Structures are given as structure tokens and as C-alpha cells.
Amino acid sequence: MGFVLSWRWLCLIAPFVLSLLTCGESAMMSSDSSKGFDENYVVTWGGYHVMNLNGGSEVKLSMDQSSGAGFSSRYSYDSGFFHMKIKLPNKNSAGIVTAYYLSSTGNNHDEVDFEFLGNKEGKLITLQTNIYMNGQGGREQRLNLWFDPTADFHDYKFLWNPYHLVFWVDETPIRVLKNLTRQGAEFPSQPMKIVASLWNGDSWATDGGLTKTDWSQAPFTAQFQGFDVAGCVASTGNSCASPSHWWNGAQYQALKPNQSTAYETVKKNYITYDYCADRARYPTQPPECVLGE
């Protein structure tokens, strides 16, 4: 009963959020789903737990006690509008983490994350976002989605350009980090690859690690689609900050008024944790919080 009531409550205002975006904007952010996995991506670990489906237009990652799996883009990028359509594990997925993120390499790396934290069947799955800059993370936000992410594919996106970093769920912005480096804040600046993985995070992911993975439910599976990449490949001699790249153009340099309204609705109604508001953890707020993440 708690699950039904929770989803009913979430759905009450979801149509309002989604209706704020016009069909034209939705079309601009749609992508060519005809690209096959092998054109832009490569399996990086857990190869026996990766299944290529529908001629490479879909990949299924599976996980059991022996291994999870992951893949990454062939190239690193310096800017772009990246996306991945994902359908999450639909069983009792407590302890299981499905991740989609951008990451550079090295100890002082940059990284921006979507992490879906599994839960017992019938309970809400938490979406956690995080940002690492110069090797420092701890910038988590958590929210409840306004739909069941295990029932169908949804499009999760990063818009990363010289002006801001925007996390999107379908056509709704859920997090914005402005580039305020001139005011003393940090901003992701290192070339990053696109990465996806399915792994066991039961030491922390569900109920703070109290609820463990139920291996009798294995294998757990997550499905991925949308392997086209709209990004500027690093070290190609091109200026990845150039407005000639469409994702750096004027219409992508700030949220439009209706997008800003949708974003404020998400912050008001769906965010369950924001590191900027955690004064016990951060008595002195990080610069990006003070300046206005």
C-alpha cells in the first residue's frame, strides 16, 4: 500500500513538470537511436555478463555473485550533450547500483554521476547524482523519480558546455552546476569518457548499507539504448568550447524560463537530500553552494 500511495503522490505533479517543455524542445534534444553499440562503445569489464541485442541497438548488463559488468565510450570528450536510455533491474534490487556517468582518469579526476540505488521490490528506487572535481566528490543530491524506472526506458542526459553542467531526466532538468570558475568555484574541465556499469553496492546503497543484496534474485539485469554521441572528442585540434558545436549555442547556455520552472518544481517536490543543505557535514558551505549551484 505504501508503494501505491507513494507513486500516486509522485504522479500528481509529474504531468505539470513534463508539460512545461514544448514539443519543439523535446525534438531538439532527441537523438539518433540507430547507432550501434560497437561504433562508439567498448566493453570494459564483465564481458560474460554483457549481451548485445537487436543488432547492437541495445545492450543488457547482468550481475550475479561472480561479477557485474560495464562499458565505456571509445573516446574522451571535452564538451557535449550526452544521453543514455536505461531500464533498471525490476526485481528486489536492494544493494544493486546501476550507474551512468562521465569520468576522466587519474587521482585528481573529474566525474559526474547518475547512480540508481536499488531497493526492495515495491519500494522507490533513489536516483543519486554526484560531481567530482579535481578528485573531490561528496557533492551528492538524491531524489525520487516521478515514474517507475524499472517499467520502461527513460533518457538520462548530461549537457556539459563552457556555461553549465545540466543533468536531465527525459526532458526535465534535475540538477544544474553553473560554470562559476571566475568567482572561485570549481567546474569539470578534464576530458571525460562516457561510462555505464552494474555493480554491487550493498555496503552503502540501500538503507545506508543495512539492506543487503538478495542473491537468490540474481541475475539482476539493466538494459541500455541510445549509443549515438553528440560530443567534441578531446585532442582532435578542435575547440570544444566553440559555438559551432550546437550544444554550445545560445539556446543551450542557460535554461529557458519553462525549463527553470520545471527545475524549481523538481527541487521543491522530489529532492530528498542536498549536500549544500547538510550543514552538519559542511559547516562551511562549498563555494558552488554559496555562489548558487
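Which residues touch the most other members of the largest nonpolar core? They are F71 and F114, and the core they sit in has 45 residues. Keep in mind as you look around that this is a predicted model.

**The cores**

Let's stay with that big core for a moment. Strand β5, which covers residues 77–87, supplies four of the core's residues, and that is the largest share. There is also a second core, separate from the first, made of twelve residues; L159, C240, L255 and Y263 are among them. If you're wondering about the background to this, nonpolar side chains in soluble globular proteins tend to be buried together.

**The chain as a whole**

Now zoom out. The chain has 293 residues, and 52% of them are buried. Its secondary structure adds up to five helices and 16 strands. How far apart in sequence are the residues that touch? Take the contacts between residues at least 6 apart in sequence: 69% of these join residues at least 24 apart. As for the outside, the accessible surface is about 13100 Å², and carbon and sulfur atoms account for 51% of that.

**Rings that pair up**

Searching the whole structure turns up 26 aromatic pairs. Here are two of them, side by side:

| Pair | Centre to centre | Angle between planes | Kind |
|---|---|---|---|
| F158 and F167 | 5.2 Å | 70° | edge-to-face |
| W215 and F220 | 6.1 Å | 70° | edge-to-face |

Why do we call the F158 and F167 pair edge-to-face? Their planes stand at 70°, and the cut-off for that label is anything over 60 degrees. Both F158 and F167 are buried. The other pair is a mixed case: F220 is buried, with a relative accessible area of 1%, whereas W215 has 23% relative accessibility, so it counts as partly exposed.

F158 and F167 also belong to a cluster linked by ring pairs, along with Y100, F114, F116 and Y156. You've met F114 already, as one of the two residues touching the most other members of the largest core.

**A closer look at G70**

Finally, find G70 in strand β4, which runs over residues 69–73. Is G70 buried or exposed? It's buried, with a relative accessible area of 0%. What does G70 touch, apart from its neighbours within four places in sequence? The list is V43, T44, W45, L61, A196 and S197. G46 is worth finding too: G70 and G46 are 24 residues apart along the chain, and their C-alpha atoms are separated by 6.5 Å.

Conventions
Residues numbered from 1 in each chain as written. Predicted model: local features only at pLDDT ≥ 70, side-chain atom pairs only at ≥ 80, totals over all residues. Heavy atoms only, no water. Phe/Tyr/Trp six-rings, centres within 6.5 Å; stacked < 30°, edge-to-face > 60°. Buried < 20%, exposed > 50% of the residue type's maximum accessible area, 1.4 Å probe, protein only. Core = buried A, V, L, I, M, F, W, Y, C linked by side-chain atoms within 4.5 Å. Helix = DSSP H or I, 4+ residues; strand = E, 2+ residues; numbered from the N terminus. Contact = heavy atoms within 4.5 Å. Areas by Shrake-Rupley, 256 points an atom, 1.4 Å probe, with all protein chains shown as cover.
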